[in-house]
Structure formats: C-alpha cells, structure tokens
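Let's take a friendly walk through a protein model, one piece at a time. Keep the picture open while you read, and try to find each part as it comes up.

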Amino acid sequence: QEQFEESGGGLAQPGGSLRLSCAASGSLFSIQTAGWYRRAPGKERKLVARVTADGDTNFDDSVKTRFTISRDNAKNMVYLQMNNLQPDDTAVYYCNLNGTIGTHTPFVYRGKGIQVTVLS
C-alpha cells in the first residue's frame, strides 16, 4: 500500500527558515520528477521548485536565491529548504511527485498542501 506524506511548514519570522518534506513509502518507488508548488492567498498555484531524476533543478525567480530543493532517492524523500523567508512566501505548499511503482506502473502524487505563514 503506497503512502505519501507532506510535513514541515508552520509559522516563521521574516528572515527565518523552514523545511518541507515529502515522503513516499510502502512500495518500490522510482521518483522521476519532484516539485513543490504553492498557492498564495488570492493567487494562482505556481511552481516553486522542481528536481528531476538527474538532479537538474529549476526555481521560480522569486525564490531561486533562497530556496533549495533536494532529494534522497534511497529514502524516497524530497525536501524544500526555505531560507530568508518573507511575508510574500506565505502560501499553501504542495508536493508533486511522478514516477513509477515497481518496474513500470506510473504514479502521480499531488499533496494536500501544507500551510506556510511568514509573519509580517
């Protein structure tokens, strides 16, 4: 039985840091692309950061000097390290994974979201 879990988030002061985690467990996963999206109040959902199986990353311009995305393939974990947080980073953050289970069964996981609030 496959299980996915997002964790982390919460409250932060401006200039503070938080780390989000996204985990897949219960089956033999091969995560190809992993990403974090966010939806700020009154705005559309947008990509924050993404990492491919080869380790290539891309970031939204607003976060690329402050956020880092990483993955631990052995643990099927993906992390979003958020530094120097600003009030504009306040949003619900969503993990997105895609890849295969076993040898060839594709999967897509879209997380339920984690609230990140940066106090102003």
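A residue counts as buried when its relative accessible area is under 20%, as exposed when that area is over 50%, and as partly exposed in between. Keep in mind that this is a predicted model.

**A cluster of rings**

Try those cut-offs on Phe-29: its relative accessibility is 8%, so Phe-29 is buried. Phe-4 has a relative accessible area of 27%, so it falls into the partly exposed group. The rings of these two residues form an aromatic pair of the edge-to-face kind, with 5.4 Å from centre to centre and 65 degrees between the planes. Why does this pair tie together separate parts of the chain? Phe-4 belongs to strand 1 (residues 3-8) and Phe-29 to strand 4 (residues 29-39), so the pair joins parts that are 25 residues apart in sequence.

Phe-29 has another partner as well. Its ring centre is 5.2 Å from that of Phe-107, and the planes meet at 75 degrees, so this pair is edge-to-face too. This time the link spans 78 residues, from Phe-29 in strand 4 to Phe-107 in strand 10 (residues 105-110). Both Phe-29 and Phe-107 are buried.

Which residues make up the aromatic cluster here? Phe-4, Phe-29, Phe-107 and Tyr-109 form it together. In total, the structure has four aromatic pairs.

**An arginine and two tyrosines**

Now look for Arg-45. Its charged end sits over the ring of Tyr-37, at 4.9 Å from the ring centre. That charged end also sits over the ring of Tyr-94, at 4.8 Å from the centre.

**Strand 9 and its partners**

Next up is strand 9 (91-101). Is this strand mostly covered or mostly open? Mostly covered: eight of its 11 residues are buried. Strands in a sheet pair through backbone hydrogen bonds, and they can do so in a parallel or an antiparallel way. Here are the antiparallel pairings of strand 9, with one pair of facing residues for each.

| Partner of strand 9 | Bridges | Residues standing opposite |
|---|---|---|
| strand 4 | 10 bridges | Phe-29 and Ile-101 |
| strand 10 | six bridges | Asn-98 and Val-108 |
| strand 11 | three bridges | Ala-91 and Val-116 |

Strand 9 and strand 10 also form a hairpin with three residues between the strands, and in it Gly-102 has a positive phi near 70 degrees.

**The open sheet**

Four strands make an open sheet in the order 1-3-8-7, with antiparallel pairing. Strand 1 and strand 7 (67-72) are the edge strands, each pairing on one side only. From one strand to the next, the twist averages 10 degrees. Inside this sheet, strand 3 (residues 18-25) and strand 8 (residues 77-82) are joined by six bridges in the antiparallel sense. One of the matches is Ala-23, whose bridge partner in strand 8 is Met-77.

**Two asparagines in loops**

Most residues other than glycine have a negative phi. That makes the next two worth a look. Asn-76 has a positive phi of about 55 degrees even though it isn't a glycine. You'll find Asn-76 in the loop between strand 7 and strand 8. Asn-84 is also a non-glycine residue with a positive phi, near 50 degrees, and it's in the loop between strand 8 and strand 9. Is each one buried or partly exposed? Asn-76 has 12% relative accessibility, so it counts as buried. Asn-84 has 39%, so it counts as partly exposed.

**The nonpolar core**

Finally, head for the inside. The largest nonpolar core has 30 residues, and those touching the most other members are Leu-20, Trp-36, Phe-67, Leu-80, Met-82, Tyr-93 and Leu-97. Several elements give two or more residues to this core, including strand 3, strand 5 (46-51), strand 7 and strand 11 (114-118). Which strand gives the largest share? Strand 9 does, with five residues.

Leu-97 is a good place to end. Apart from neighbours within four places in sequence, Leu-97 is in contact with several residues, among them Phe-4, Cys-22, Ile-31, Val-78, Phe-107 and Tyr-109. Three of those names should ring a bell: Phe-4, Phe-107 and Tyr-109 belong to the aromatic cluster.

Methods: Residues are numbered from 1 along each chain as its sequence is written. This is a predicted model: local features need pLDDT of at least 70, side-chain atom pairs count only at pLDDT 80 or more; totals for chains, interfaces and linings use all residues. Side-chain values use heavy atoms; hydrogens and water are left out. Rings of Phe, Tyr and Trp (its six-membered ring) pair if their centres lie within 6.5 Å; planes under 30 degrees apart count as stacked, over 60 as edge-to-face and the rest as tilted. Buried means under 20% relative accessible area, exposed over 50%, partly exposed in between (1.4 Å probe, protein chains only). A charge sits over a ring if NZ of Lys or CZ of Arg is within 6 Å of the ring centre and within 35 degrees of the ring normal. Two strands pair if DSSP finds at least two bridges between them. Axes are lines fitted to C-alpha atoms, for helices over the stretch in contact, and angles run from 0 to 180 degrees between N-to-C directions. A nonpolar core is a set of buried Ala, Val, Leu, Ile, Met, Phe, Trp, Tyr and Cys residues joined through side-chain atoms within 4.5 Å. Contact means heavy atoms within 4.5 Å.
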